[in-house]
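Trainee: Could you take me through one part of this model closely, starting from a single side chain and working outwards? I would like to see how the pieces connect.

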Amino acid sequence: MIRHTLGRLAATVFIAVILAFFTLPMLWLAAAPFDDTPTITTSVPEFTLRNFAALLDNPYALGSIRNSLIQAGGAAALVVVLAALAAYALSRVRVPGRDALLYLLLLLSSVVTGTAAMVPIFELATRLGLIDTHLVVSSGLLPAAIFILKDFMDETPTSYEESARVFGASPLQILRHIVIPLVRPGLATIAVWALASVWGGFLFQFILLRDPEKAPGSVILYTLYTEGGAPKLDLISTFSLLYSLPVVAMYLLVSQRYGFRFHGGIKA
């Protein structure tokens, strides 16, 4: 009995420590922007709104959040559309070496990371005139998106498509009106993954976006330091809070709509 009680107590303490480990940074993020003199420790703030006023004096702060919304939302939409078209074609058309091609694309996108491929990507973006454009940040996401979405396409029954084809529906009409509604959880998975990847990305944006007017929040956050490299905790905490709000809103929206239970296939 005593051993059982001690075991329960140890498990409770362990869980409490783990929760505190993840909760304290969130408490700091919620309190530091309203603290007159924020430090790296969590404490009751000396309430003030001067940190927000100081952040508004930065000419690029709010604009960078707008740029992040444009880049992340545009990348998610572009990746979803192109991945849906490619995944549907690869799922329905019997191409010799199709599976080997998919695994090769996934392998190359996983092994050859953005850091390793930065030089050829920069050269390609320069030749295509994509430097300082919002479009450039979506590169590198398609292979994995196609690979993931193809599994959802494979699970949809082809009998619906055959019936639509009998009535004269074109392949794009079949994809739009039959396949897309059936694989919406998969599309939501890809959209959230692409949006989060671009939203939290730094390297591509830092190197390929030279104009500060087009820099996203992840790059502008890097500039909130003194000349000696010391972080300005008042500005960093305030900007981090504002920068995290769209992600929290996305989490609540997707959680309410799908509950993060993404799954493919159709119930019989």
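Mentor: Happy to. Let's start with Glu161, which counts as buried because its relative accessibility is 3%, under the 20% cut-off. Do keep in mind that this is a predicted model. The side chain of Glu161 meets that of Arg92 in a salt bridge, with 2.6 Å from N to O. Arg92 belongs to helix 3 and Glu161 to helix 7 (residues 159-166), so the pair ties together parts that are 69 residues apart in sequence. The Arg92 end is partly exposed, with a relative accessible area of 22%.

This pair is one of 4 salt bridges in the count, and two others make a nice contrast. Asp154 forms a salt bridge with Lys150, the closest N and O atoms being 2.7 Å apart. Both of these residues lie in helix 6, 4 residues apart, about one turn of the helix. Here the acid, Asp154, is partly exposed at 35%, while Lys150 is buried at 7% relative accessibility. Over in helix 5, Arg127 and Glu123 are likewise 4 residues apart, about one turn, and their closest N and O atoms are 2.8 Å apart. Arg127 is exposed, with a relative accessible area of 68%, and Glu123 is partly exposed at 37%.

Now follow helix 3 away from Arg92 and into the nonpolar interior. In soluble globular proteins, nonpolar side chains tend to be buried together. The largest nonpolar core has 47 residues, and Leu149, Met153, Val179 and Phe239 have the most contacts inside it. Among the helices that each supply at least two residues of this core are helix 5 (118-127), helix 6 (142-154), helix 9 and helix 12. Helix 3 (61-92) also supplies residues, and gives the most, with 12.

Phe239 is worth a pause. Leaving out residues up to four places away in sequence, Phe239 touches Leu55, Ala61, Ser64, Ile65, Gly217, Ile220, Leu221 and Leu224. A second, separate core of 5 residues includes Trp28, Ala32, Phe52 and Leu241.

Thr238, in helix 12 (residues 233-258), is buried at 0% relative accessibility. Beyond its neighbours within four places in sequence, Thr238 is in contact with Pro33, Asn51, Phe52 and Leu55. Leu55 is thus on the contact lists of both Thr238 and Phe239, and Phe52, another contact of Thr238, is a member of the second core.

Methods: Residues are numbered from 1 along each chain as its sequence is written. This is a predicted model: local features need pLDDT of at least 70, side-chain atom pairs count only at pLDDT 80 or more; totals for chains, interfaces and linings use all residues. Side-chain values use heavy atoms; hydrogens and water are left out. Buried means under 20% relative accessible area, exposed over 50%, partly exposed in between (1.4 Å probe, protein chains only). Contact means heavy atoms within 4.5 Å. A nonpolar core is a set of buried Ala, Val, Leu, Ile, Met, Phe, Trp, Tyr and Cys residues joined through side-chain atoms within 4.5 Å.
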